Amino acid sequence: MIELDNIHVTFNPGTPLENHVLRGINLRIDNGEFATVIGGNGAGKSTLLNVLAGEVCAQPGRVLIGERDVTRLPAFKRADLVARVYQDPLAGTCGSLTLEENMALACARGRRRGLGSALDSALRGRLQDNLARLGLGLENRLNDSIGLLSGGQRQAVSLLMAALQPMEILLLDEHTAALDPRIASFVLTLSADIIREQRLTALMVTHSMRQALDVGDRTIMMDQGEIAFDVRGEQRQGLDVADLLKLFERARGQEVDDDSLLLG
Amino acid sequence: MSLIAFLGALELGLIFGFVALGVYLSFRVLDFPDLTVDGSFPLGAAVAAVWIVGGGSPWLGTGLAMIAGAMAGMVTAWMAVKLKILNLLASILSMIALYSINLRIMGRPNIALLSEPTIFVPLESLPVSRYVAFPAAIAVGLLLVTFLLNRFLNSETGLAMRATGETPRMASGNGINTSVMVLVGMALSNALVALGGALFAQSQGSADVTMGVGTIVVGLAAVIGGQSLIPGRSILVATLACLFGSILYRLMVAVALNADFIGLKAQDLNLVTALLVGLALVLPKLRLRRRPA
């Protein structure tokens, strides 16, 4: 469960570069809910994820994840609650470690790390089973440096890595934006499958209105640091991109002017 | 080159193998260019020498040298992580400060250890020559340390440290306290360098406050040179490559200085070092350029 209470974020406060990125976000996402977040450039989507991940501190505001107040906790201290897949496939995996070492690293997310060997045959077996579901043949490449994998393969692995350990919420940060269309839809389907199987509470930021409607059970549109609208359930069923644009116009009194949003 | 000169170069190469492992840890694993080593190498020598001259056990003195080195590394890391001083600059501050600290510890610019009970003294009663026994004993210790370092870098904490150096954001997203990793890694790195300093002082018979000048360059020569000659991403290959680089560097220096026809003298050592490191940095790139992607 996620609860955001009057979240404000200002970058460079008190300087000429002052930028009020989030302006009073109130949001509650229930357990097992899969919400997609959409918005143009500068709408505050990524900052919202960063507030949840602990990379940006809300000022003022209160952040609850799974009933725990994490407002002041840095990212590494809330890693047991939050798993994340980044937009850049290179960001979520460590290029000089092997595939199995990357996954072993993720297996220890939010746990104390000891001096024992990071990998043993039991863990290798588990990792191979996990990789086999991708159907990419990666289960036979445990010892390859992850830098040898393509961007799409690395992103699929990042997703598996995020889901290796229990979590309270999963954050997907435009995680298909940097991939070619075929592999992007593969990664998107895989995300939806994993979220459904493990009944995860998830927040997916996307640039594409189509994608925001195709997966998940709730869609939140952001604009200029505020929530423009928030649709779910019956209200969301049968909506298409044109309906979203109309909803936006009604809520904000203006048309969507971000080309990338319209083209996505 | 005579056999004695060869064995002498081998011995130095092995001692600087500890320095190479330390520099590998900071420069490669943590991506932290660390000039503290120019101060922590003589720091190790100073602590061990003062302890031994004062009548203490040479083994304990060597251990204390490592602890002192670890503390120096932690100070540098603390300046970089907590005070947000640029890492290279933080290490330069430590290096400069250590010069004074080393003088304070020794009380004079150098301490002779020739007739003192160093950890090498038991070897002198062996039937084999000192020139063979010393390098052999150091090699055993070096391989043991390399083995332990490999174990560590392949442990859960070791993986966390490697991820910290390369992708700090991903590391903290996985619950790794990157600040602690940098502190621990830098402590370990400088403990190894100080160990090298303590062994150097004991095998060469003196500790000198100026002996640290250029330690980082020698360490980099070993790490960069070794890894460009023996590429490979596994930790085992990388650490062994550093040791190989360290020995090779000493042999090359010995050859260069011993070959009369080149006309190099001892004072040219640093120039030769700089050229060798520069060469090791450029060669891999030339190789890549010739082989189109």
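Which residues touch the most other members of the largest nonpolar core? In this predicted model, the answer is A:L52 and A:I169, within a core that counts 169 residues. Helix α9 of chain B, spanning residues 178–204, supplies the largest share of that core, with 16 residues. Let's stay with A:I169 for a moment. Setting aside neighbours within four places in sequence, its contacts are A:I2, A:L52, A:I65, A:L81, A:V82, A:T201, A:A202 and A:L203. A:L52, the other residue named above, is thus one of the contacts of A:I169.

From here we can move to the strands around that spot. Strand β7 of chain A covers residues 169–173 and pairs with β6(A) in the parallel sense, over four bridges. One of the bridge partnerships to look for is that of A:V85 with A:L172 in β7(A). Strand β6 itself runs over residues 82–85, with A:V82 and A:R84 pointing one way and A:A83 and A:V85 the other. This is a pattern worth recalling: in a regular strand the side chains alternate between the two faces of the sheet. Here all four residues, on either side of β6(A), are buried, the charged-type name A:R84 included.

Chain A also holds an open sheet with antiparallel pairing, made of four strands in the order β2-β1-β4-β5. Its edges are β2 (19–29) and β5 (68–69), and because each has a single partner strand, one side of each is left without a neighbour in the sheet. Inside the sheet, strand β1 (residues 2–11) runs antiparallel to β2(A), and eight bridges join the two. To find the register, look at A:H8, whose bridge partner in β2(A) is A:R23. As background, strands of a sheet pair through backbone hydrogen bonds, either parallel or antiparallel.

Close to this sheet in sequence comes a backbone detail. The peptide bond between A:Q59 and A:P60 is cis, with omega at about -5 degrees. A:P60 belongs to the loop that links α1 (45–53) with β4 (62–65) of chain A. For context, most residues other than glycine have a negative phi, and most peptide bonds are trans. Two residues depart from the phi part of that pattern in the loops described next.

In chain A, A:Q224 is not a glycine, yet its phi is positive at about 50 degrees. A:Q224 sits in the loop between β9 (218–223) and β10 (226–232). Is A:Q224 buried, exposed or partly exposed? With 15 other C-beta atoms within 10 Å, A:Q224 is partly exposed. In chain B, B:K84 likewise has a positive phi, about 60 degrees, without being a glycine. B:K84 is found in the loop between α3 (58–81) and α4 (87–106) of chain B, and B:K84 counts as exposed, with 9 C-beta neighbours inside 10 Å.

Now turn to helix α8 of chain A, residues 241–252. This helix has twelve residues and reaches 16 Å from its first C-alpha to its last, close to the 16 Å expected at 1.5 Å a residue. Just after α8(A), A:G253 takes a positive phi of about 70 degrees. Within the helix you will find A:F248, which is buried, with 22 other C-beta atoms within 10 Å. Beyond its neighbours within four places in sequence, A:F248 is in contact with A:M221, A:A228, A:F229 and A:V256. A:F248 and A:D223 are 25 residues apart in sequence, and their C-alpha atoms are 9.1 Å apart in space.Chain B is built from twelve helices and two strands, following the pattern α-α-α-α-β-α-α-α-α-α-β-α-α-α along the sequence. Its radius of gyration is 19 Å, close to the 19 Å that the globule rule gives for 293 residues, so chain B is as compact as a globular protein of that length. The C-alpha trace of chain B spans about 55 × 50 × 35 Å along its principal axes, and buried residues make up 52% of its 293 residues. Among contacts in chain B with a separation of 6 or more, 79% come from residues 24 or more positions apart.

Finally, look at where the chains meet: 26 residues of chain A are in contact with 20 residues of chain B. On the chain A side, helix α2 (residues 99–107) gives the most, with four residues. The residues of that side divide into 13 nonpolar, eight polar and five charged.

Notes: Residues are numbered from 1 along each chain as its sequence is written. Chains are lettered from A and ligands numbered from 1 in the order in which they are written. This is a predicted model: local features need pLDDT of at least 70, side-chain atom pairs count only at pLDDT 80 or more; totals for chains, interfaces and linings use all residues. The radius of gyration is taken over C-alpha atoms; the globule rule is 2.2 Å times the number of residues to the power 0.38. A residue is buried if 20 or more other C-beta atoms lie within 10 Å of its own, exposed if 12 or fewer, and partly exposed in between; C-beta atoms are placed from the backbone. Two residues are in contact if their C-beta atoms, placed from the backbone, lie within 7 Å. Two strands pair if DSSP finds at least two bridges between them. A nonpolar core is a set of buried Ala, Val, Leu, Ile, Met, Phe, Trp, Tyr and Cys residues joined through C-beta atoms within 7 Å. Ala, Val, Leu, Ile, Met, Phe, Trp, Tyr, Cys and Pro count as nonpolar, Asp, Glu, Lys and Arg as charged, and the others, Gly among them, as polar. The expected span of a helix is 1.5 Å times one less than its number of residues.
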